[in-house]
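Q: I'm new to this one and don't quite know where to start. Please pick one part, take a close look at it with me, and then connect it to the rest.

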Amino acid sequence: MNSGADALALLPELFLLAGAVLALLAGSFTARERQWISRVIAVVALSASAVAAGVAFAAVASAAGPVAESMSVYDGSYILDGGTAAGRLVVALSALLVIALGVDELRGTARESETYVLILLASLGAVVLAGAADLLVLAVGFLLASIPLYALIGIGGTKAGAEAALKTYLLGALFGILLLLGVTVLYAVSGTTSYAGLRGALAAAAPAVVGVGLVGVLAGLMFKAGAVPGHFWVPDAAEGSGTAVAAFATTVPKIGGFLAAYRLLEMMPGTVRWPLLIALLSVLTMTLGNLAAYTQSNPRRLLGWSTVSQAGYLLMPVAVAGSVPLALPSLVVFLAGYAVTNLAAFAVIAAYPDRTELRAYEGLAAARPWHAVALVVALLSLVGTPPTAVFLGKLTVFTAAWDGGFWWLTLAAAVNTVISLFYYLRWLAPAFRAASPDSPGAGEFSPRPWAGRTAVAGAVLVLVAGVGAGLAWAALGGLPAG
């Protein structure tokens, strides 16, 4: 492709970049009471990006299957296939839901425009990670996804937000250095930064050196994905930042991080036993996240540890990257289902931001039944209950891991799924109890309107995605119908 065609193929990314620049300019030259203009610009940019990504996804799906390779641009440094198109689409739609659930929280604040700009830039970074096919592009995507995230977490100016931002920054700097070190090592032994040339070049290199480089790169990507060992920032960011930012930080970076890890690992030679490493990280991540969530009384921190556990399940198809045809489709399905589910759960929190304890939700079902239903749908979807979106995701990733020979990983994931049900029930049980006299809020529920509507809409999307994606998967031959 020529440079003009290459640029045209990156329309979804260009819409995000243009939206960030325009939103920044609009916020710089308009009064505080008119910062809604930046919100409109962000919504238009994200909508345009989603439409362009949807068109690209439909074109690839009709030509070569939903996640088959299509083409690359800029000398093969950026891949354009169904995985990239799906990543673009999920990122854009997730960011739109974040803005919707955060309207009440962000409207009229001193940093409203800046928040939308940073969301667009961090979303662009996640998309670049999803499509990177070169180690240098991967490094750029990591930085672009990380630096705006640090600012987002601390932008509220609260003590808890500043602490979370500092922890995220320090961990990000450490794991970013490890990623760059890994890139340097892999380039030194292979003589190329292109994924296309890595497999053959690294096959003849010393396995120990390749392993060191690969572990360095993976460490950085696990930070973005919120998985062990780069997970420490997630619960603090979920609790200390604003609700909209917490929803964004626990959702969108994972999309880029996991797709980037998948693309890199499927190009690794068999001389390094990376599948076992990823499988062990998967078990550690899901188990640690579930056990830590048990002790949480703050719903935001509970969801923070929940997102860590979900990262463990998302690592399952990554462990069989390149060896099981089902791996990439299952990863995409799980990412999409997880994104809408996690955002629906955070939308419930955004509707009632002052309720910082699980028991503060006592009486929710009686006072706001639709919000209680939205909470039930979101949390049961995180467990993996049919017919929700995450159910299909878990079914497919379990199948992929099993087909790849990791029966013990599938068994560990099934046990962790059962375990997770109990701490989600710790949140659901108070919501369906009558409010006690000493309950925080005493059963009075006055929701923020935008967040409340987003919670209900998100729950509907969770069910629609679960049923619709299941039917589509069966139609495409991924699973037997019925």
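A: Let's start with Tyr-74, which sits in the loop between β1 (69-73) and β2 (78-81). Before going further, keep in mind that this is a predicted model. The backbone at Tyr-74 does something worth a look: its phi is near 50°, a positive value in a residue that isn't glycine. Step along to Asp-75 and you find a positive phi again, near 55°, once more in a residue other than glycine. Asp-75 belongs to the loop between β1 and β2 as well.

How open to the outside are these two? Tyr-74 has a relative accessibility of 38%, so it counts as partly exposed. Asp-75 has a relative accessible area of 83%, so it is exposed. The strands on either side of this loop are β1 and β2, and the protein has two strands in total, next to 20 helices.

Now for the helices. Helix α4 covers residues 82-106, and Ser-94 is in it. Ser-94 has a relative accessibility of 4%, so it counts as buried. What does Ser-94 touch, once neighbours within four places in sequence are set aside? Its contacts are Thr-251, Val-252, Ile-255, Ala-339 and Leu-343.

For a contrast, go to Val-21 in helix α2, which runs over residues 11-28. Val-21 has a relative accessible area of 43%, so it is partly exposed. From Val-21 to Ile-41 you move 20 residues along the sequence, and the C-alpha atoms of the two are 9.8 Å apart in space.

Another helix residue to visit is Lys-167, found in α7 (residues 159-190). Lys-167 is partly exposed, at a relative accessible area of 31%. Beyond its neighbours within four places in sequence, Lys-167 is in contact with Phe-232, Trp-233 and Asp-236. Take Trp-233: it is 66 residues away from Lys-167 in sequence, yet the two C-alpha atoms are 6.1 Å apart.

Trp-233 leads us to the aromatic rings. A handy way in: a pair of aromatic rings is described by how far apart the centres are and by the angle between the planes. In this protein the count comes to nine aromatic pairs. One of the pairs joins Phe-142 and Phe-223: the ring centres are 6.1 Å apart and the planes are at 55°, so this pair is tilted. Phe-142 is in helix α6 (residues 135-154) and Phe-223 in helix α9 (residues 207-225), so the pair ties together parts that are 81 residues apart in sequence. Are Phe-142 and Phe-223 buried or exposed? Both are buried.

Phe-223 has a second partner, Trp-233. Here the ring centres are 5.5 Å apart and the planes are at 45°, so this pair is tilted too. With Phe-223 in helix α9 and Trp-233 in helix α10 (residues 233-240), the pair ties together parts that are ten residues apart in sequence. Trp-233 is buried, just like Phe-223. Put these rings together, add Phe-175, and you have one aromatic cluster made of Phe-142, Phe-175, Phe-223 and Trp-233.

The loop between α9 and α10 has a detail of its own. Pro-229 has its place there, and the peptide bond leading into it from Val-228 is cis, with omega near 10°. There is a cis bond further along the chain too, from Pro-386 to Pro-387, with omega near 5°. Pro-387 is in the loop between α17 (369-383) and α18 (389-403).

Finally, step back to the whole protein. For 482 residues, a compact globule would have a radius of gyration near 23 Å, and the protein's 21 Å agrees with that. Its C-alpha trace spans about 70 × 55 × 45 Å along the principal axes. Of its 482 residues, 58% count as buried. Among contacts with a separation of 6 or more, 80% involve residues 24 or more positions apart; the contact of Lys-167 with Trp-233, a pair 66 residues apart, is an example from our tour. The surface the protein exposes comes to about 17,600 Å², with carbon and sulfur atoms supplying 71% of it. As for charge, there are 23 positive and 21 negative side chains, and the centres of those two sets lie 5 Å apart.

Methods: Residues numbered from 1 in each chain as written. Heavy atoms only, no water. Helix = DSSP H or I, 4+ residues; strand = E, 2+ residues; numbered from the N terminus. Buried < 20%, exposed > 50% of the residue type's maximum accessible area, 1.4 Å probe, protein only. Contact = heavy atoms within 4.5 Å. Rg over C-alpha atoms; globule rule 2.2 N^0.38 Å. Areas by Shrake-Rupley, 256 points an atom, 1.4 Å probe, with all protein chains shown as cover. Lys, Arg positive; Asp, Glu negative; His and termini not counted. Charge placed at Lys NZ, Arg CZ, Asp CG, Glu CD. Phe/Tyr/Trp six-rings, centres within 6.5 Å; stacked < 30°, edge-to-face > 60°.
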